[in-house]
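Got your viewer open? Load the model, switch to cartoon, and follow along from the whole chain down to single residues.

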Amino acid sequence: MTTLDSESKLRPDWDNYYIQMSDHVASRATCDRGRSGCVIARDNRILASGYVGSAPGLEHCDDAGHLMRKVIIEDGSTSNHCVRTIHAEQNAICQAAKFGTALDGATLYCKMEPCRVCAMLIISVGIKRVVCLRRYHAGADTRAMFREAGIVLNVLENETEKYENQ
C-alpha cells in the first residue's frame, strides 16, 4: 500500500477547479488561433459549457481555414479576427438558452477576459462574476462595462493572452 504525501491530497479551490475544467473543454475547440473553453457554474454545479467553434452545420477553421477580418482599433492600430467561429462564452450561453437553463447569479470561467460582445451577453443573462486566467488585449471596454454593471471580474494571472496572427 502506498501513502500519499500531503501535497497530492490538496484539492484545488473552486475557481481553479473550474478554470482547469474550462481548459479541458477547450480541447473540443475547432479554431487553432484561440482554443479556449468556458464553464458556467452556480452553487458549485456546472450549468453549461462551451468552446470556440463554428455554429452547428457550418465549416470549422480546422477544416476550411480561417475567415479573417481586420479590425481597426480606436487608437488607429489594427487587429486580426477570425469570424468563422463563435467564442466559448457565446457557445456556453447559447447552450444554456437552448436547454432552458437560467444563468442568473452564476459565475463564468474562461481563458481570457471576454471580448466586448461576450461581455454584453454576460451582463444580459445575469451572470454576476467572471473568473479568467489571463487578460485580453482589447479588454478595457469589458472591464469598464463589468464595473458599471456590478459584475466582479477576477483575473488569475495578470498577463495578456497571446495568440497567432493577433
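What pattern does the chain follow when you read along the sequence? Colour by secondary structure and trace it: α-α-β-β-α-β-β-α-β-α-β-α-β. That gives six helices and seven strands. The radius of gyration is 17 Å, close to the 15 Å that the globule rule gives for 166 residues, so the chain is as compact as a globular protein of that length. Keep in mind that this is a predicted model.

**Whole chain**

Stay zoomed out for a moment. Along the principal axes, the C-alpha atoms fill a box of roughly 60 × 40 × 35 Å. Switch on a surface: the accessible area is about 9,900 Å², and carbon and sulfur atoms account for 49% of it. Of the 166 residues, 39% are buried. If you like contact maps, take the contacts between residues at least 6 apart in sequence: 55% of them join residues at least 24 apart. For the electrostatics-minded, there are 20 positive and 21 negative charges, and their mean positions sit 3 Å apart.

**Stop one: Val-25**

Select residues 14-25, which is helix H2, and pick out Val-25. Is Val-25 buried or exposed? Its relative accessibility is 17%, and since buried means under 20%, Val-25 counts as buried. Now show what touches Val-25, skipping residues up to four places away in sequence: you should get Gly-37, Cys-38, Val-39, Ser-49, Gly-50 and Tyr-51. Draw a distance from Val-25 to Val-39, C-alpha to C-alpha; it reads 7.9 Å, with the two residues 14 apart along the chain.

**Stop two: the E3/E4 hairpin**

Next, select 68-72 and 78-82, strands E3 and E4, which run antiparallel and are joined by five bridges. One pair to label is Arg-69 with its bridge partner in E4, His-81. The two strands form a hairpin with five residues between them. In that turn, click Gly-76 and check its backbone: phi is positive, about 95 degrees.

**Stop three: helix H4**

Finally, select helix H4, residues 88-98, and show side chains. Which residues of H4 are buried? They are Ala-88, Glu-89, Gln-90, Asn-91, Ala-92, Ile-93 and Ala-96. To see what they pack against, add strands E1 (37-42), E2 (45-51) and E5 (107-112), plus helix H5 (116-124). Then step past the end of the helix to Gly-100, which follows H4 and has a positive phi near 70 degrees.

Key: Residues are numbered from 1 along each chain as its sequence is written. This is a predicted model: local features need pLDDT of at least 70, side-chain atom pairs count only at pLDDT 80 or more; totals for chains, interfaces and linings use all residues. Side-chain values use heavy atoms; hydrogens and water are left out. Helices (H or I, at least four residues) and strands (E, at least two) are DSSP runs, numbered from the N terminus. Buried means under 20% relative accessible area, exposed over 50%, partly exposed in between (1.4 Å probe, protein chains only). Contact means heavy atoms within 4.5 Å. The radius of gyration is taken over C-alpha atoms; the globule rule is 2.2 Å times the number of residues to the power 0.38. Accessible areas come from the Shrake-Rupley method with a 1.4 Å probe; for residues, only the protein chains shown count as cover. Lys and Arg count as positive and Asp and Glu as negative; His and the chain ends are not counted. The place of a charge is taken as NZ of Lys, CZ of Arg, CG of Asp or CD of Glu. Two strands pair if DSSP finds at least two bridges between them.
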